[in-house]
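This report goes through a single protein chain, from its overall make-up to particular side-chain pairs. The reader may wish to keep the sequence and the model side by side while following it.

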Amino acid sequence: LQMLEQQVVGGEQAKNKDLKEKQKRRKKYADERRMQLVAALQQSNEDSGDWVLLNVYDSIQEEVRAKSKLLEKMQKKLRAAETEIKDLQSEFELEKIDYLGTIRRLERDLLLFQQLLDQVQSLVRRDCNYSNLEKIRRESVWDEETGCWKIPEPVIQKTRLP
C-alpha cells in the first residue's frame, strides 16, 4: 500500500531527484523573495507601501479612484515641498541682504580708519616706531584666543650723536 501510495502521490516523477532539487530551489527562492518583501514593507512608510505592493482591482473605476487618491497625496506633498523651498529661499535671501549690508558697513568703516591713519601718521614723531605703518602691520599678530590683534608697543628711538 505504501509503495503504491508513493507512486501515486508523486506520479511518474516521484523518484526523479532532479525534479526534487528543482522544487527545493523554487521553494527556497520563493521564501527568500517573501522575506525581502516583508523587509521592504517594514521599512517603507504607509505612502510608499502603495508602490511596493501590486494592487488588484475589481473594476477600472476602483483603480482610477485609488490612483486618484494617491495622486492627490503626492500633489499635497509636492505643494508642501515647494512651499518649504520658497520659505528657505526667502530666508536665505534675507540673510544674503543682511550679510551684504554688513560687508558694505565694514568697508566704509575700514575706509574711514584708513583715512584717519593717513592723516594721523604725519603727526607721529619720526623717531617713534609708529611712524612706519607697514612695519607695524608686519609685526602685528592675530591672537585666536582673545580674538584681537597684538600690536607692538610704541617705542621712541633716540639717536645720540657721538
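## Exposure and the tryptophan pair

A residue is called exposed when its relative accessible area is over 50%, buried when that area is under 20%, and partly exposed in between. W149, at 51% relative accessibility, therefore counts as exposed, while W142, at 38%, falls into the partly exposed class. The model discussed here is a predicted one, and every value below is computed from it.

How many aromatic pairs does the structure contain? The count comes to one aromatic pair. The pair joins W142 and W149, whose ring centres lie 5.5 Å apart and whose planes meet at 70°, so the arrangement is edge-to-face, given that planes over 60 degrees apart are classed in that way.

## Overall architecture

The protein is built from five helices and two strands, and along the sequence these elements follow the pattern α-α-α-α-α-β-β, so that the helices precede the strands when the order is read by the DSSP numbering from the N terminus. One of the helices, α4, covers residues 60-121, and several of the side chains described below belong to this helix, among them E63 and K67, R105 and D109, and L112.

Of the 162 residues of the protein, 7% count as buried. The accessible surface amounts to about 15,500 Å², of which carbon and sulfur atoms supply 57%. Among the contacts in the protein with a separation of 6 or more, 25% are accounted for by residues 24 or more positions apart.

## Salt bridges

Side chains of opposite charge can pair when their charged atoms come close. The structure holds five salt bridges, including one between E63 and K67, in which the closest N and O atoms are 3.1 Å apart. Because E63 and K67 are four residues apart in helix α4, about one helical turn separates them. Both partners are partly exposed, E63 with a relative accessible area of 28% and K67 with one of 47%.

Another of these salt bridges links R105 with D109, with the closest N and O atoms 4.0 Å apart. R105 and D109 also lie in helix α4, four residues and about one turn of the helix from each other. R105 is partly exposed at a relative accessible area of 39%, and D109 is likewise partly exposed, at 29%. A further salt bridge brings together the side chains of K150 and D143, with an N to O distance of 3.8 Å; K150 is partly exposed, at 44% relative accessibility.

## A nonpolar surface patch

Which residues form a nonpolar patch on the surface? L112, F113 and L116 do so, and together they have about 300 Å² of accessible area. L112 is found in helix α4, and its relative accessibility of 44% places this leucine in the partly exposed class, which is above the 30% that membership of a patch requires.

## Cysteines

A disulfide is a covalent bond between the sulfur atoms of two cysteines. The structure holds zero disulfides. As for the surroundings of the cysteines, C128 is buried at 12% relative accessibility, whereas C148 is partly exposed at 35%.

Note on methods. Residues numbered from 1 in each chain as written. Predicted model: local features only at pLDDT ≥ 70, side-chain atom pairs only at ≥ 80, totals over all residues. Heavy atoms only, no water. Disulfide = S-S within 2.5 Å. Buried < 20%, exposed > 50% of the residue type's maximum accessible area, 1.4 Å probe, protein only. Patch = residues over 30% accessible without salt bridge, like charges linked within 9 Å, V, L, I, M, F, W, Y side chains within 5 Å. Areas by Shrake-Rupley, 256 points an atom, 1.4 Å probe, with all protein chains shown as cover. Phe/Tyr/Trp six-rings, centres within 6.5 Å; stacked < 30°, edge-to-face > 60°. Contact = heavy atoms within 4.5 Å.
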